[in-house]
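Student: I have a new model open on my screen and would like to understand the labels attached to it. Could we go through them one at a time?

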Amino acid sequence: EQSMASDHSQQRLSELTSAFQTSQQESEDLRQQSAELSSKLNSQALECARLRSSHDEVSSKLKMTELLVTQLSAGGDVHSLQESRQKALAEKEQLEQQVAQMATLLQRTTDERDNLSRLHQQARMDDDNR
């Protein structure tokens with residue numbers, strides 16, 4: 001009977017050891033996943049900041065072009081004014097397209113960053129619960 005109890009204890013110890021090792025591996029996997037998500041999140045945050053800066057720069061150029069169009073419309077040599085106005089209008093159109101493209105890209109990047117942040121937060125919560 002003592003031998004059976006000893007065998008049962010050994011089996012239980014083996015099961016617990018195996019469960020502990022599995023838990024340790026899962027915890028390490030979650031730490032690795034969390035580190036990777038954190039890195040991606042930081043990268044996305046930097047990309048968002050870069051895009052915001054570029055967006056602000058293009059928006060500023062657009063405002064300057066709009067001001068130039070207004071000033072050119074106010075008077076001056078007709079031929080040179082028309083030529084300058086056409087160039088300014090073309091640049092304005094191009095800048096408006098760039099602003100729209102950058103706004104779309106910024107929104108996509110922001111959405112990706114937010115998603116990565118949620119995943120990172122979830123991974124941290126999962127890790128804390130272990």
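Student: Why is Gln-44 called buried?

Tutor: In this predicted model, Gln-44 has a relative accessible area of 15%. Buried means under 20%, so Gln-44 with its 15% earns the word.

Student: Where does Gln-44 sit, and what does Gln-44 touch?

Tutor: Gln-44 belongs to helix H1. Leaving out residues up to four places away in sequence, Gln-44 touches Thr-109, Glu-112, Arg-113 and Leu-116.

Student: Is Ser-34 buried or exposed, and how do you know?

Tutor: The relative accessible area of Ser-34 is 14%. That is under the 20% limit, so Ser-34 counts as buried. Ser-34 is also in helix H1, and its contacts, with residues up to four places away not counted, are His-120, Ala-123 and Arg-124.

Student: And what label does Ser-43 get?

Tutor: Ser-43, another residue placed in helix H1, has 43% relative accessibility. Partly exposed covers the range between 20% and 50%, so Ser-43 is partly exposed. The C-alpha atoms of Ser-43 and Ser-54 are separated by 17 Å, with the two residues 11 apart along the chain.

Student: Now the charged pairs. What makes Glu-28 and Arg-31 a salt bridge?

Tutor: Here is the general idea: side chains of opposite charge can pair when their charged atoms come close. The label asks for a side-chain nitrogen of Lys or Arg within 4 Å of a carboxyl oxygen of Asp or Glu. For Glu-28 and Arg-31 the N to O distance is 3.4 Å, so the pair qualifies.

Student: Why are Glu-28 and Arg-31 said to be about one helical turn apart?

Tutor: Because they are 3 residues apart in helix H1, which covers residues 2-73. Glu-28 is partly exposed at 41%, and Arg-31 is partly exposed too, at 43%.

Student: How do you know that Lys-61 and Glu-57 form a salt bridge?

Tutor: Their closest N and O atoms are 3.8 Å apart, which is within the 4 Å limit, so the name applies. Lys-61 and Glu-57 both lie in helix H1, 4 residues apart, about one turn of the helix. With relative accessible areas of 42% for Lys-61 and 47% for Glu-57, each of the two is partly exposed.

Student: What about Arg-113 and Asp-114?

Tutor: Their side chains meet with an N to O distance of 2.9 Å. Set against the 4 Å cut-off, that makes a salt bridge. Arg-113 has a relative accessible area of 21%, and Asp-114 has 28%. Each value falls between 20% and 50%, so Arg-113 and Asp-114 are partly exposed.

Student: How many salt bridges does the structure hold?

Tutor: The structure holds 7.

Student: What makes up the largest nonpolar core?

Tutor: The largest nonpolar core has 5 residues: Val-58, Leu-62, Leu-95, Val-99 and Met-102. H1 and helix H2 (78-128) each supply at least two residues of this core, and H2 gives the most, with 3. To be named a nonpolar core, such residues must be buried and joined through side-chain atoms within 4.5 Å. As for Met-102, apart from its neighbours within four places in sequence, Met-102 is in contact with Leu-51, Ser-54, His-55 and Val-58.

Student: Why is Asp-127 called partly exposed?

Tutor: Asp-127 has 21% relative accessibility. Buried would require a value under 20%, so Asp-127 counts as partly exposed. Asp-127 is found in helix H2 and touches Ser-27, Leu-30 and Arg-31, not counting residues up to four places away. The C-alpha atoms of Asp-127 and Leu-51 are 33 Å apart, and their positions lie 76 residues apart in numbering.

Student: How many helices and strands are there, and why is the protein said to be more spread out than a compact globule?

Tutor: There are 2 helices and 0 strands. The radius of gyration is 31 Å, well over the 14 Å that the globule rule gives for 130 residues, so the protein is more spread out than a compact globule. Along its principal axes, the C-alpha trace spans about 115 × 15 × 15 Å.

Student: What share of the residues is buried?

Tutor: Buried residues make up 21% of the 130 residues.

Conventions
Residues are numbered from 1 along each chain as its sequence is written. This is a predicted model: local features need pLDDT of at least 70, side-chain atom pairs count only at pLDDT 80 or more; totals for chains, interfaces and linings use all residues. Side-chain values use heavy atoms; hydrogens and water are left out. Buried means under 20% relative accessible area, exposed over 50%, partly exposed in between (1.4 Å probe, protein chains only). Contact means heavy atoms within 4.5 Å. The radius of gyration is taken over C-alpha atoms; the globule rule is 2.2 Å times the number of residues to the power 0.38.
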